Amino acid sequence: MQLDLVHDVQSAYRMLIDSMSRPGMISNLSEEARKVDFQTECSNSLIVIALTLLDTEVTFKVISEHEAEVTQFINQLTYAKSTTADQADYIFILQDATDEQLQKTIQMAKHGDLVNPQESATLIIEVDEVTAGRELMLRGPGIRTEEYVHISATGDWIDLRAEKNGDFPLGIDLLFIDLNHNLLAIPRTTQVMKQVIK
Amino acid sequence: MMTTATAYNFAFFDEGSKREIRRATLKAISIPGYQVPFASREMPIARGWGTGGLQLTLSLVGKNDTMKVIDQGADESVNAVNIKKLIENTTGIGKTDETSEATIIQSRHRIPEVPLTKGQILVLQVPLPEPLRAFEASELETKKLHAEKEYSGAWLMLFEQIMKYGNMATDADHPVMVENRYVMAPSPIPRFDNPKMNHSDALILLGAGREKKVYAVPPYTRVVSLAFQDHPFEPESFEGESCKVCGANSVFMDELVEEESGETYYQCNDTSYCIERLNQAQEEGAL
């Protein structure tokens, strides 16, 4: 079955809305991802997100060993133009990207300016696993008290992200997507704290 | 008779228009209270008649949604009925008057009396999204004021009202502070509804079609009405009054005049809430 570009994209968007407005809430895109019948180096749920958000009006960047192939694929699929990491509206960081690449991308991505804070990047990060867990505590708008999640991303991304988003409303928004098509959003307003497990 | 206008795309818009609104909406959610510019497409209703709210609704709506549209608390007023018809004819989805049954509620100038829940999205139509416009005509300047969190003008506006009238004379659209960062126009809801925005269970999206702005209040976000220590914020009070039709109190009511006797009386502004109460009373009476 083929992905319905009206209805499946709409349901994916509503999950993006749910996850973005309630950080810590994990949505699942497998229903939509299952219908994607292209063969590429990135996961099907990433393609669903690209189809939901990208077109000729925006730019993107792919961070991966297979950057050239995936870039060409997304460009042909959505007509969005690829650009450098410091200019891109949407940055796809695939699973084969290294910790250093993720860290560097967080540092380089545009975070808007005070007059136009919306002119900032959204990072879509592929990871092994996004689940409910005790490892990270989330606080901020959209969260009643606190939420706990586990994200299998390694490296120093939490501190670098906090530094990048230090001057609200400037900042970057993160979308994590795992191999089971689980989606978790961490907008710039969310505080992420590492839990010390005793 | 319900006809689905198949000549149109699902939810009226082409997919490119939806994508543009969707991108702006996601940014609005990540920057609570900040007005994100968007393209604001031409609609088959005039700008200023709820096109901002309608565009948000059309970008959100899916086959499984149930829709409620209200105008000043009423489900049956002309504006609400026309918007409902357009959505229904281009999507074929179900509509309801009952607040608790709806997944998307588009509203002009009210937040329903029945508390909203987690599964719902409230879309508010906004005529004037810029709370600083009354004293600064230039968009470039108001954007700078927001950038610098320079809100003395907003405070001064309220202070002048206190000097002139003895109290804050805003009746609807009383400005709010969102997450201690952005001063925001809550759309012309009565002051009575302002506290419902604070720490809401439902996501609230606001759309201004003519002014080409969308903004958002995510769930569980701090929304505080602007006020002074010696002049606290006060919602409209209906103390001692109750609805002539259903007997409700502590809701927002319209003050009406009985033409024959010349007497004033009060009635629920939220019509579906009022009818629900009447139906309930009748059922209980019949048992």
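This section describes the interface, helix packing, domain arrangement and selected local features of a predicted model containing chains A and B.

The interface between the two chains brings 39 residues of chain A into contact with 40 residues of chain B. Together, chain A and chain B bury about 3,300 Å², and carbon and sulfur atoms account for 60% of this area. On the side of chain A, Tyr13(A), Arg22(A) and Gln118(A) supply 19% of the area buried against chain B, more than any other three residues.

Part of the contact between the chains is made by helices. The axes of helix H1 of chain A (residues 7-21) and helix H1 of chain B (residues 15-30) come within 9 Å and cross at roughly 10 degrees; an angle under 35 degrees counts as roughly parallel, and H1(A) and H1(B) are therefore described as roughly parallel to each other. From H1(A), the residues that take part are Val9(A), Gln10(A), Tyr13(A), Leu16(A), Ile17(A), Met20(A) and Ser21(A), and these meet Arg22(B), Thr25(B), Leu26(B), Ile29(B) and Ser30(B) of H1(B). Classified by residue type, this contact of H1(A) with H1(B) comprises 7 nonpolar, 4 polar and 1 charged residues. Tyr13(A), which is among the H1(A) residues in this contact, is also one of the three residues named above for their share of the area that chain A buries against chain B.

Helix H1 of chain B also packs against helix H3 of chain A, with the two axes 8 Å apart and at an angle of about 105 degrees. Since angles of 65 to 115 degrees count as roughly perpendicular, H3(A) and H1(B) are therefore assigned to that category. In this contact, Leu51(A), Thr52(A) and Leu53(A) of H3(A) meet Arg19(B), Arg23(B) and Leu26(B) of H1(B), and the residues involved divide into 3 nonpolar, 1 polar and 2 charged. Leu26(B) thus appears both in the contact with H1(A) and in the contact with H3(A). Helix H3 of chain A, which spans residues 44-53, is largely enclosed by the rest of the structure, because 9 of its 10 residues are buried. The buried residues are Ser45(A), Leu46(A), Ile47(A), Val48(A), Ile49(A), Ala50(A), Leu51(A), Thr52(A) and Leu53(A), and this list includes the three H3(A) residues that meet H1(B).

Within chain B, the domain assignment gives domain 1 (15-225) and domain 2 (237-287). The centres of these two domains of chain B, taken over C-alpha atoms, are separated by 27 Å, and their contact takes 15 residues from domain 1 and 10 residues from domain 2. The area buried between domain 1 and domain 2 of chain B is about 980 Å², with 53% contributed by carbon and sulfur atoms.

Several individual residues can be described in their surroundings. Asp173(A), located in strand S8 of chain A, counts as buried at 1% relative accessibility. Although Asp173(A) and Leu123(A) are 50 residues apart in sequence, their C-alpha atoms are 6.3 Å apart in space. Neighbours within four places in sequence aside, Asp173(A) is in contact with Met20(A), Ala121(A), Thr122(A), Leu123(A), Ile186(A), Pro187(A) and Arg188(A), as well as with Lys27(B) and Ser30(B) from chain B. Both Met20(A) and Ser30(B) also belong to the contact of H1(A) with H1(B). In chain B, Gln55(B) is placed in helix H2 (residues 51-60) and is buried, its relative accessible area being 0%. Beyond residues up to four places away in sequence, Gln55(B) touches Phe13(B), Ile21(B), Phe38(B), Ser40(B), Arg41(B), Met43(B) and Gly209(B).

Certain backbone features lie in loops. Phe168(A) and Pro169(A) are joined by a cis peptide bond with an omega of about 10 degrees, and Pro169(A) is situated in the loop between helix H6 (157-164) and strand S8 (173-177) of chain A. In chain B, His109(B), which is not a glycine, has a positive phi of about 70 degrees; His109(B) lies in the loop between strand S4 (104-108) and strand S5 (121-125) and counts as buried at 13% relative accessibility. Lys212(B), likewise not a glycine, has a positive phi of about 60 degrees and lies in the loop between strand S8 (203-208) and strand S9 (213-217) of chain B, where, at 35% relative accessibility, Lys212(B) counts as partly exposed.

Technical notes
Residues are numbered from 1 along each chain as its sequence is written. Chains are lettered from A and ligands numbered from 1 in the order in which they are written. This is a predicted model: local features need pLDDT of at least 70, side-chain atom pairs count only at pLDDT 80 or more; totals for chains, interfaces and linings use all residues. Side-chain values use heavy atoms; hydrogens and water are left out. Buried means under 20% relative accessible area, exposed over 50%, partly exposed in between (1.4 Å probe, protein chains only). Helices (H or I, at least four residues) and strands (E, at least two) are DSSP runs, numbered from the N terminus. Axes are lines fitted to C-alpha atoms, for helices over the stretch in contact, and angles run from 0 to 180 degrees between N-to-C directions. Angles under 35 degrees count as roughly parallel, over 145 as roughly antiparallel, 65 to 115 as roughly perpendicular and the rest as oblique. Contact means heavy atoms within 4.5 Å. Ala, Val, Leu, Ile, Met, Phe, Trp, Tyr, Cys and Pro count as nonpolar, Asp, Glu, Lys and Arg as charged, and the others, Gly among them, as polar. Domain bounds come from an automatic or database domain assignment. Buried area is the accessible area (1.4 Å probe) that two parts lose on being put together, summed over both.
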